[in-house]
Amino acid sequence: MKRTLSAAIAVALLSGGLVLTTPAAATAQTVTEASCSGDSLVSETLEAGSSWQMCWRIDSYRGLVLDKVAYQPRDDAAPMLVLDSIALAQLNVPYDTGATEYNDVTTYQVGGRRLQAIAAVDCPVGTVRSAWVDATRGEIPAVCIGEEDSGLAYRSNITRDALYAAQGTDLVLHSVSRIGWYEYQTEYRFHDDGEVSVRLGATGDLSPNDFVNVVNQGWPLDEGANDFAVNHYHSAFWRVDFAVDNAESHVVEKFATTPTGEYGTTGDTGRTAILDTQLTTVDAETKVFVGNREAYRVVNPESLNADGHARSYEIIVDRDQAYNLNPETDFDIAFTSAKSDEVHASYNLIPSKAGQMVTDYIADGEPLVDPVAWVNVGFHHINRDEDQSPMPIHWQGFTLYPRDFSAQNPIIPEGRKWVNGDMRGVPNPNISTTPTASPEPTPTDSASPSPTSTGEPTPETSATPPAGGGGTPAPTEPAPTTPAPTNTVTFGQSEVAPGATQSATASGFAPGETVSAVLYSDPVDVGTFIADSEGAVDLQFIVPSSTPAGEHRLVLTGQTSTAVAEGSFTVASASPAAILGALASTGTDANRWALTGVLLLVAGGALALLSRFVRPSGGQVHA
């Protein structure tokens, strides 16, 4: 799909160029655009149609810093602020011998003299932007910015409707720093559905100065039990300042799910625990270890989505290996009130609070009004042979997960927009209650019943629930209708037999999108296909062997563009000629042999029948 800015963003960008001469146009700017411009501004519309805006800069100590981060769902009119800022706040590296410990952000820097120039190999997708780093090197290529594939975004195969599926993309920003023997990649991934992945990748080389002969404090890297490289921790801390919908105040809430001690009586085991999830408010500054079945979110109670639910972002920390052995690192998440002089997680460099750490920031237990989250993700690096050399990159990080930011999936396909809440008993608008009329099939010996004269579908009943789901059986869905077609399907053959291969082509879809194919009037999903760079689809499918004779429609639907193409072809009756045609249409050597065999069988049968009527002693044939 072409990456285009929405009308709202396009207007904002154009107005941004008029700010210097026409102050009144500044009102059209977004919060992000009012905060930065030029190469400092990132404004990207992803393939799914959703957009991200942010300002970036390089801090001498913290490295890559992002400010005024805003997200715009595909169908929204304007971007909405999510974060006021996010940046690395400390990188604590203690070695297991107890002889060495580093605090890389505040002692050695991640930006400044440690920032590496981005090379072509560092940025295979996207563009490189430059920043000034120090007096010696001046301006260098500092950050890579680009849209990258992220894999499957969603997939839902709806019975008698369509397959809804799409591949997703991320807007990715990253920089590279070299600190000692290690090289770190600071990476932020902004997903098309509003999710944010925050990661630090470590590569480079093991320190050649940290080898011991103590078995339990290192790992042997030479042949045999020799040259034990010292194990060590990487504890990465991020400072996350929230601004959901540009709010200056937020509420921190904790999810806690606990077993009630009671059990259900159904399900596979007949003893499924009944769980209770409570939501409580975190009122004062604190630091916590996130327990099993616990989670935290930052919510703006004044900003409501279309369903009336408060917008929020949940902080998801993977089960990590936290280094909780000193006051600087003994938490997974801490919450403090936002203060401009509390910048580093430990050994703070701001003079008014020099040398302080998160533990000092929360000491007064101040009420949380404008919360900042300090997220600590640990990784215990027990060395291995594969780490030499260069060391394969290993990652640590966390996720900011949108919770109720949108009322539905922000990149929802058109055919699923009707689904919101409990839809049991609600008719699927993609499915008609009246079957589409089709030509009367040629009579055959098939046991299949013909349609009733009333034109109403016959409901199916079942006394047992569907497999795998339990509960009430889903009602049988009637035959679907389709949106009005805008394009035409061209077929390779005007008539084919059941079981034969049919080819088809159509255009008018978004480049690279998934296109579903459904055969009517009794809807059958015959596959999904990918549009080429021109938005055209060239496909082949097998006509189901149970398809009745007559005219049938093939409907192609783009899962992103919702474009529809339609065409009709004839399914022949199951006569010998049609069977021969089906065999011949595939074109393989095996089927040519099969075709020859059928011809021989037919000829042999005719001769056998003829011989029954020939007199052994005469030349007359019975009439």
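## Exercises on a sheet, a core and a histidine

In this predicted model, strands E8 (residues 163–179) and E9 (residues 182–191) run antiparallel and are joined by 10 bridges.

**Exercise 1.** Place E8 and E9 in their sheet, and find which strands stand at the edges.

*Solution.* Start with the pair: Val176 stands opposite Gln185 in E9. Next, read the strand order, which is E6-E7-E8-E9-E10-E22-E19-E18-E15-E16. These 10 strands form an open sheet with antiparallel pairing. Strand E6 (127–134) and strand E16 (273–282) each have a single partner strand, so one side of each is left without a neighbour in the sheet. From one strand to the next, the twist averages 25 degrees.

**Exercise 2.** Decide whether His174 is buried or exposed, and list what it touches.

*Solution.* First, locate His174: it lies in strand E8. Its relative accessibility is 4%, and buried means under 20%, so His174 counts as buried. Then take its polar partner: the side chain of His174 reaches the backbone oxygen of Asp122 at 2.9 Å. Leaving out residues up to four places away in sequence, His174 touches Leu64, Ile118, Asp122, Ala142, Val143, Cys144, Gln185, Thr186 and Glu187.

**Exercise 3.** Which residues touch the most other members of the largest nonpolar core?

*Solution.* The largest nonpolar core has 66 residues, and Leu173 and Phe398 touch the most other members. Strand E4 (residues 80–94) gives the largest share of this core, 7 residues. Now check Phe398: not counting residues up to four places away in sequence, its contacts include Ile86, Val196, Trp238, Ile315 and Val377. Finally, a second, separate core of 23 residues includes Ala500, Ala517, Leu554 and Ala563.

Conventions: Residues are numbered from 1 along each chain as its sequence is written. This is a predicted model: local features need pLDDT of at least 70, side-chain atom pairs count only at pLDDT 80 or more; totals for chains, interfaces and linings use all residues. Side-chain values use heavy atoms; hydrogens and water are left out. Two strands pair if DSSP finds at least two bridges between them. Helices (H or I, at least four residues) and strands (E, at least two) are DSSP runs, numbered from the N terminus. Axes are lines fitted to C-alpha atoms, for helices over the stretch in contact, and angles run from 0 to 180 degrees between N-to-C directions. A nonpolar core is a set of buried Ala, Val, Leu, Ile, Met, Phe, Trp, Tyr and Cys residues joined through side-chain atoms within 4.5 Å. Buried means under 20% relative accessible area, exposed over 50%, partly exposed in between (1.4 Å probe, protein chains only). Contact means heavy atoms within 4.5 Å. A polar contact is a pair of N or O atoms within 3.5 Å; within protein, one must be able to donate a hydrogen and the other to accept it, and residues adjacent in sequence count only if both atoms are side-chain atoms.
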